[in-house]
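Reader: I've got the sequence and the fold open on my screen, and I'd like to go through some of the labels people put on such things. Can you take me through the reasoning behind them?

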Amino acid sequence: MLHITVPHLFCVCVSLLQTAALAAIVASARKSGHIVMYLPDGDRLRKLGYYVRPNQHRGDEKLFDLPVIAKEVCRELLDSHQEDLEGMTVAFDVASQYLSPDNISRIFENEEDASPIDLALVDLLEAGSESNTLSSGCYSAVVHSLMNQTEKPFVVVMDEFNCYFDYGHYYHEAYDPKVEFAIPPQKITLFRPLLGAMGLEKSETVKGLPVAVDPVCISRGAIVVGTTESRSVAGKFTSTLEAVLAEQEDSVKVVDVTAFSPLEVDHVLANYECIGIGRLRFDRGSTVMNEQEVAYLRMVSGGVGQKLLDASIV
């Protein structure tokens, strides 16, 4: 499933070959000058965040942080887009919604740096990528700024998106004193702005199915997400998610990417041979001219692009 959010929420859903499609979108968007936040492993993020803690600065909203994952995302954004982010800032009063005065004083050595005018996104990401204490606040401030600015397109790409709506894995007594109910993703600061931009939440009920809410759209940019069938996600969550999105015809575009046809497999292999990928680089066309070898590659890959590439390399 793929979702793209533009000035008005616009979502595209891609299945089956979505991982390869999402990777291509990330590369293309970055080449076009977009700032891209790429979260390719939703299954890991929804259950392996190391630890979850209550957000102290936004206690009234009863939110929770995943500090280690937020730290990781800050580093990835900085490594991929430091030059693009140079000169971009977030207003001091906006940053103060996510970072306490003590947090800000830790990031900036003196009051002149932490002026009441604006804070540099690069500085916030640098601090967030080095400290578990600061990571969630820095992440939230930066994402808020990128979602509300119009200077550069901001694209969020999330793979394995349906995993976020499966049975939860993060528990805390501050959310449920008996620790029986998992924290829904919209209550976790890492996922909250992204789900909000798509107008989605996981209902806080026993069933906990996806529901539509009013979106908080990205001013200039997009959200692209893909669902997966290769992870342990109950079918009811994926089907309900797709049904909710399908009802949002004005803001959601659903696209199914199917497996390659036999003819497309032939063309892909011929292209691999021409540009010299893997073992096809040295066989002088013997593979693509061998019907049994092509049939084998078609069988082991199932017409899935990434698997076809892997089989051609090994």
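**Strands, cores and a helix pair**

Author: Let's start with a residue pair: Met-37 stands opposite Val-156 in E7. Keep in mind that this is a predicted model.

Reader: What makes E2 and E7 a pair of strands?

Author: Pairing takes at least two bridges. Strand E2 (residues 35-39) and E7 are joined by five bridges, so by that cut-off they pair. The two run parallel.

Reader: And which strand does E7 pair with over five bridges in the parallel sense, besides what you just told me?

Author: That's E10: strand E7 (residues 154-158) pairs with E10 in the parallel sense, over five bridges. Val-156 turns up here too, standing opposite Ile-223 in E10. Met-158 has Val-225 of E10 as its bridge partner.

Reader: Why is E7 called largely enclosed?

Author: Buried means under 20% relative accessible area. Five of the five residues of E7 are buried, so the strand is largely enclosed by the rest of the structure. Phe-154, Val-156 and Met-158 point one way, Val-155 and Val-157 the other, and all are buried. That fits the usual pattern: in a regular strand, side chains alternate between the two faces of the sheet.

Reader: How do you know that E10 is largely enclosed?

Author: Same kind of argument. Six of the six residues of E10 (residues 221-226) are buried, so the rest of the structure largely encloses this strand. Gly-221, Ile-223 and Val-225 point one way, while Ala-222, Val-224 and Gly-226 point the other way.

Reader: Which residues have the most contacts inside the largest nonpolar core?

Author: Met-37, Leu-124, Tyr-139, Phe-161 and Leu-190, in a core of 61 residues. Helix H7 (residues 132-148) gives the largest share of this core, eight residues. Another core, of 10 residues, lies apart from it and includes Val-268, Tyr-272, Leu-280 and Ala-311.

Reader: Why are H10 and H11 called roughly perpendicular?

Author: Helix H10 (residues 262-275) and helix H11 (residues 291-301) pack at an angle of about 110 degrees, with their axes 11 Å apart. Angles of 65 to 115 degrees count as roughly perpendicular, and therefore H10 and H11 get that label. On the H10 side the contact is made by Pro-262, Val-265, Asp-266 and Leu-269, and on the H11 side by Val-294, Leu-297 and Arg-298.

Reader: How many residues of each class are in that contact of H10 with H11?

Author: Five nonpolar, no polar and two charged.

Key: Residues are numbered from 1 along each chain as its sequence is written. This is a predicted model: local features need pLDDT of at least 70, side-chain atom pairs count only at pLDDT 80 or more; totals for chains, interfaces and linings use all residues. Side-chain values use heavy atoms; hydrogens and water are left out. Axes are lines fitted to C-alpha atoms, for helices over the stretch in contact, and angles run from 0 to 180 degrees between N-to-C directions. Helices (H or I, at least four residues) and strands (E, at least two) are DSSP runs, numbered from the N terminus. Angles under 35 degrees count as roughly parallel, over 145 as roughly antiparallel, 65 to 115 as roughly perpendicular and the rest as oblique. Contact means heavy atoms within 4.5 Å. Ala, Val, Leu, Ile, Met, Phe, Trp, Tyr, Cys and Pro count as nonpolar, Asp, Glu, Lys and Arg as charged, and the others, Gly among them, as polar. Buried means under 20% relative accessible area, exposed over 50%, partly exposed in between (1.4 Å probe, protein chains only). A nonpolar core is a set of buried Ala, Val, Leu, Ile, Met, Phe, Trp, Tyr and Cys residues joined through side-chain atoms within 4.5 Å.
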